[in-house]
Amino acid sequence: MAFEFKLPDVGEGIHEGEIVKFYVKEGDSINEDDVLAEVQTDKAVVEIPSPVTGTVKKLNADEGEVVEVGSVLAVFDTGDGDDTVDEPTEEEGAADQDSAPAEAKKDKAPAAPAAVSGKQVLAMPSVRKKARELGLELTQVEGTGPRGRITFEDLENFQAGGTQQKETQPERVEESPVAEPKEEAAPAAVTHVPQGNEERIPLRGMRRTIAKRMAQSVYTAPHVTIMDEVDASEMIEMRKWAKPMAEQRGIKLTYMPFIVKALVAALREFPTLNASIDDEKEEIIIKKYYNMGIATATEDGLVVPVLKDVDRKSIFQLADEMRDLVTRTRDRKAGVDELKGGTFTITNIGSFGGQFFTPIINYPEVAIFGMGKMADRPMAVDGEVVIKPIMNISLSIDHRLIDGDVAARFLNRVKELLENPKLLMMEMS
């Protein structure tokens, strides 16, 4: 009996995932709960187990391909000898709603808008939805995905030069009544001309996810970044004082827990920085809980695990849990639930030697705090130049919600708390 296995929602509310790796090939035997594939979502790489024991008749996607949740991922022969389910066609397997027969559309997602020009358009529902939101006509967008499928990046590229293309297309028709090849009618917005020895690497997996999310953040939220510097003298002394106590508990104490506590205290005073915007409903969501995203560099790229309820935890507890979470994230062992639910994010390039920078907001959050390298530098104190340990700090905000004066006052408050840890202790609950 043939069994169609559809890509499930792995618990993140996702609508699609990229096939990172298949652990079997067509014709292989597989047992129930054996790993069938690894799928990259927006948050993590998750293993997809086989739901049955049998033989793999067909894999309906290639590694690197993005598959919609609910579409058939694989077909198994369970050995009953009675194939009651038709093997999906190539078009059905690729979740191509436009090209599927009319009868098959009954079981699929709502139909997309009809193509005006009759040109067959390959695009997932999420891409079609985004195109409608942007007011783009998909028939005018050149797809660069598998079989010409239109991707989010194609929409963004088209939007960057789409107006010009729309304006020039009618002029081309008037000049030549004879239909011209589509390749000539819709030139690519950007044509790369090799200038020397080059290597092309497919944009896949975590890097593709990062690229998509960074572009989404920048294109959605207008960023403004402000910067300042902190005299870290008192914080250094506080850490020196507390470090032996932490070591007795087996905890490595860094500066990060102090900074997290300062941020939470400031976020309570400036709640719009601990918020998000529901773009669909046009509502501001003020979050009265504090889940801190910790931007973490891994071998596969930047990942942001989330430390929950940081306002309810001591500095020692934060230090211990943060070290464990970051370590597991670097080892790709953090769970899906630990990679979502953040309300504000902190990122640190200081350990890599950077000072000032413009961090990209972890959308849909509306602000992100960045730390630079701490180093001895001259500072004017009471009219005299003295050498102080200085840490550079940066704050990027979503200017749709947060004005510059609010951002500046928030950063001043964080600076005040970091320069006076005793005051910070008084603010801690």
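A residue counts as buried when its relative accessible area is under 20%. Thr343 has a relative accessible area of 1%, so it is buried. With that in hand, let us walk through this predicted model, starting from the whole chain and coming back to Thr343.

**The chain as a whole**

The protein has 429 residues, of which 43% count as buried. Its secondary structure comes to 10 helices and 18 strands. About 23,000 Å² is exposed, and carbon and sulfur atoms supply 50% of that area. Among contacts with a separation of 6 or more, 63% are between residues 24 or more positions apart.

**Confidence**

The mean pLDDT of the protein is 81, with 79% of the residues at 70 or more. Two stretches deserve a friendly word of caution, and the table lists them with their contacts beyond near neighbours in sequence.

| Stretch | pLDDT | Contacts in the model |
|---|---|---|
| Residues 83-118 | below 50 | 52 contacts |
| Residues 163-184 | below 50 | 14 contacts |

Where pLDDT is low, the predicted coordinates should not be read in detail.

**A sheet and a hairpin**

An open sheet of 4 strands is arranged in the order 5-4-2-7, and its pairing is antiparallel. Strand 5 (45-49) and strand 7 (66-68) each have a single partner strand and stand at the edges, so one side of each lacks a neighbour in the sheet. From one strand to the next, the twist averages 45°. Strand 2 (residues 16-22) runs antiparallel to strand 7, and 3 bridges join the two. Here Gly17 is found opposite Val67 of strand 7.

Further along the chain, strand 10 (residues 275-278) and strand 11 (residues 283-286) are antiparallel and joined by 4 bridges. Ile277 has Ile284 in strand 11 as its bridge partner. These strands form a hairpin with 4 residues between them, and Glu282 in the turn has a positive phi of about 55°.

**Back to Thr343**

Thr343 sits in the loop between helix 8 (315-330) and strand 16 (344-348). Which residues does Thr343 touch, leaving aside those up to four places away in sequence? They are Leu273, Asn274, Ala275, Lys287, Tyr289, Tyr290, Asn291 and Glu365. With Asn274, the side chain of Thr343 makes a polar contact of 2.8 Å. Another of the touched residues, Ala275, belongs to strand 10 (residues 275-278). Tyr363 lies 20 residues from Thr343 along the chain, and the C-alpha atoms of the two are separated by 9.8 Å.

Notes: Residues numbered from 1 in each chain as written. Predicted model: local features only at pLDDT ≥ 70, side-chain atom pairs only at ≥ 80, totals over all residues. Heavy atoms only, no water. Pairing = 2+ DSSP bridges. Axes fitted to C-alpha atoms, helices over the stretch in contact; angles between N-to-C directions. pLDDT = per-residue confidence, 0-100. Contact = heavy atoms within 4.5 Å. Buried < 20%, exposed > 50% of the residue type's maximum accessible area, 1.4 Å probe, protein only. Areas by Shrake-Rupley, 256 points an atom, 1.4 Å probe, with all protein chains shown as cover. Polar contact = N/O pair within 3.5 Å; in protein donor to acceptor, adjacent residues only side chain to side chain.
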